[in-house]
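Student: I've got a model open and I'd like to learn how to read it. Can we go feature by feature, beginning with the pockets?

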Amino acid sequence: VYAAATAGVVCLAPTVVALFCVSLTAGTPNALAGTLLSMAMRTALPFFAVILLLNARPPLAEAGLFGMVLINYLVALTVESVIAVRMISSLSPSSV
C-alpha cells in the first residue's frame, strides 16, 4: 500500500506542475516554452524520484514501485494531456 501511494504521489506532483506551466503560458507568445517546460517536468521528476527512492528504500523496490510508477505515469500522462489540450483549445479563437 505504501508503494502504491508513493507511486501515486511521484506521478501526481509532476502532473500538477506540468498543468501549472501550461496554464501560465497558454495563449501567450511563450506557449511553446511552457509546453516544453511542462514536458521536461513531467518526464524528469518521476524519473529521478524513482531512481532516488529505489536506491534509498529497497523495500519499495521489492514491493514493485517501478511497475506501479509506470502504470500511474501512463494514466497521469493521459489525463494531463487531455486537460492541457482542453485548456489550450478553450483559449484559441474558434475557426468556424
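Student: What classes of residue make up the lining of the largest pocket?

Tutor: To read a lining, sort its residues by class. Keep in mind that this is a predicted model. Here the largest pocket is lined by 8 nonpolar residues and 1 polar one, with no charged residues. The nonpolar part includes Phe-47, Val-50, Ile-51 and Phe-66. Thr-43 is the polar one, because Thr is not in the nonpolar or charged groups.

Student: Which helices supply the lining of the largest pocket?

Tutor: For that, map the lining residues back onto the elements. Both α2 (31-56) and α4 (65-91) supply at least two residues each, and α2 gives the most, with 5. The pocket's volume comes to about 180 Å³.

Student: And cavities? How many of 30 Å³ or more does the structure hold?

Tutor: A cavity differs from a pocket because a probe fits inside a cavity but cannot get out, whereas a pocket is open. This structure holds 1 cavity of that size, with a volume of about 30 Å³. Its lining is made up of Cys-11, Pro-14, Thr-15, Arg-42, Pro-46, Tyr-73, Ala-76 and Leu-77. By class that gives 6 nonpolar, 1 polar and 1 charged. As for elements, α1, α2 and α4 each supply at least two of the lining residues.

Student: Do any residues turn up in both linings, and which ones should I look for?

Tutor: Compare the two lists. Pro-46 and Tyr-73 are in the lining of the largest pocket, and Pro-46 and Tyr-73 also line the largest cavity.

Student: Arg-42 caught my eye in the cavity list. Is Arg-42 buried or exposed?

Tutor: Check relative accessibility against the cut-off. Arg-42 counts as buried because its 12% is under the 20% limit. Arg-42 sits in helix α2.

Student: What is Arg-42 in contact with, beyond its neighbours in sequence?

Tutor: Skip anything within four places in sequence, then list what remains. For Arg-42 that leaves Pro-14, Ala-18, Tyr-73, Leu-77, Glu-80 and Ser-81. Of these, Pro-14, Tyr-73 and Leu-77 line the largest cavity along with Arg-42.

Student: Let's try a loop. Is Pro-29 buried or exposed?

Tutor: Same reading as before. Pro-29 is in the loop between α1 (2-25) and α2, and it counts as exposed because its relative accessible area of 82% is over 50%. Asn-30 lies in that loop between α1 and α2 too, but at 48% Asn-30 counts as partly exposed, because that value falls between the two cut-offs.

Student: How far apart in space are Pro-29 and Ala-49?

Tutor: Set the sequence gap beside the C-alpha distance. Pro-29 and Ala-49 are 20 residues apart along the chain, and their C-alpha atoms are separated by 32 Å. For Asn-30 and Ala-40, a gap of 10 residues goes with 15 Å.

Student: Now zoom out. What does the whole chain look like in terms of helices and strands?

Tutor: Count the elements, then look at the dimensions. The chain has 4 helices and 0 strands. Its C-alpha atoms fill a box of roughly 55 × 20 × 15 Å along the principal axes. The radius of gyration is 16 Å, while a compact globule of 96 residues would come out near 12 Å.

Student: How much of the chain is buried?

Tutor: Of the 96 residues, 27% count as buried. The chain exposes about 6,300 Å², with 76% of that supplied by carbon and sulfur atoms.

Methods. Residues numbered from 1 in each chain as written. Predicted model: local features only at pLDDT ≥ 70, side-chain atom pairs only at ≥ 80, totals over all residues. Heavy atoms only, no water. 1 Å grid on protein atoms, 1.4 Å probe; cavity = no way out; pocket = protein on both sides within 12 Å on 5 of 7 lines; lining within 4 Å. Points joined across faces, edges and corners; volume = space filled by probe spheres on them. Rg over C-alpha atoms; globule rule 2.2 N^0.38 Å. Buried < 20%, exposed > 50% of the residue type's maximum accessible area, 1.4 Å probe, protein only. Areas by Shrake-Rupley, 256 points an atom, 1.4 Å probe, with all protein chains shown as cover. Contact = heavy atoms within 4.5 Å.
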